[in-house]
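Please find below my notes on the ligand site and on one buried side chain. They are meant to be read beside the model.

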Amino acid sequence: MLKNSGDYISGEAICKELGVSRAYVWKLIKALREEGYEIDAVSGRGYRLSEIPDVLSESEIKSSLSTRWMGHDIVYFSSTDSTNTQAKLLAEQGAADGTLVASDMQTGGKGRRGRTWVQKSGENISMSILLRPSFDPDRASMLTLLAAMAVRKAAEELTGMRALIKWPNDIVINGKKICGILTEMSAEQGYIHYVVTGIGINVNGATFPDDIKDTASSLFLESGSKVSRSAMMASVLKAFEEYYEGFSRFCDLSFIRDEYNAALVSMDREVCVLDPKGQYTGISRGINEAGELLVATPDGSITEVSSGEVSVRGIYGYV
Ligand code: BTN
């Protein structure tokens, strides 16, 4: 009803359309302003949205979602330590399969290999999805690759740019990282209690700390347009739900292997495998159905590189 097209809508018209009192309209306007919407009020003309802000809230996320079950329970924070940590706590308290934990910002965001993940308020996506799969714990690491596929698809949908994957799960646009994924699991022999897949996306930020400014970027910086965080989250969740359901049927990545390899930034290129037992180079031949990277080495053999143990770099830098 409120648009930022320049047109004002009178308080009376809002009352009529919503069937509410003038006092109730005031309350609504106040609540919207508190959520961050900038609303002009001019006597004799009415109300007008002066700017559509990139507001993130439980209701904003809910109204954007089009999933069948993923994200139907939402726990939203304006600030928290880490959405992964919160999702794990909620999991211990019995939260439902598919619960989405999101926060406008994190004070203790966690990255892979014990690194930190810094994200400022109002610009990015920090979200974690709690899953209670029935497959074997040794399959869980593959969820990270599915999440990467989902973010890749959503990033392309919302920006129109080509988004690629740096194995196993970084999303890159124009050679720069715009998303990181951290999957954590609680399991015992043959049984998963829960998995938490945490996704951090650089959406509308324009600056990065010195140590990552050469390798990190945002959807905004690469596409030149601001992206709605709730629309991006909805698109990621929709794609992730589809991939996850496919995975639950096959229990491996055979059904998306070709799609993944077509988006793999290192495909058929020389890579450097940083194995703690010894570094070597080879040609990346894409993933197998378990999500391992196949690397053809000069002696003619193919190594299956598993993401837990080693990282892989392009020979000319980050990708
Ligand atoms: C990486 O190192 O590339 C992984 C970064 C993962 C960051 C996300 S942000 C949401 C979720 N909560 C966290 O604390 N980490 C993940």
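1. On a 1 Å grid over the protein atoms alone, a pocket is an open set of points with protein on both sides within 12 Å along at least five of seven lines, and a molecule sits in it if more than half of its atoms lie within 2 Å of its grid points. In these terms, the space taken by the ligand is the largest pocket.

2. This is a predicted model, in which local features need pLDDT of at least 70 and side-chain atom pairs count only at pLDDT 80 or more, whereas totals for chains, interfaces and linings use all residues. Residues are numbered from 1 along each chain as its sequence is written, and side-chain values use heavy atoms, with hydrogens and water left out.

3. The ligand has 19 residues around it, counted when a heavy atom lies within 4 Å, and among them Ser 82, Gln 106, Lys 110, Arg 112 and Lys 177 come nearest. An oxygen atom of the ligand lies 2.8 Å from a polar side-chain atom of Ser 82; a polar backbone atom of Arg 112 is 2.7 Å from a ligand oxygen, and a side-chain N or O atom of Lys 177 is likewise 2.7 Å from a ligand oxygen.

4. Strand 8 (176–188) is one of the elements that give two or more residues to this shell, and with four residues its share is the largest.

5. Arg 229 lies in helix 7 (residues 229–250), where helices are DSSP runs of H or I with at least four residues and strands are runs of E with at least two, numbered from the N terminus. Its side chain joins that of Asp 54 in a polar contact of 2.8 Å, that is, a pair of N or O atoms within 3.5 Å, of which, within protein, one must be able to donate a hydrogen and the other to accept it, residues adjacent in sequence counting only if both atoms are side-chain atoms.

How values were computed: On a 1 Å grid over the protein atoms alone, a cavity is a set of points where a 1.4 Å probe fits but cannot get out, and a pocket is an open set with protein on both sides within 12 Å along at least five of seven lines; lining residues have an atom within 4 Å of a point.
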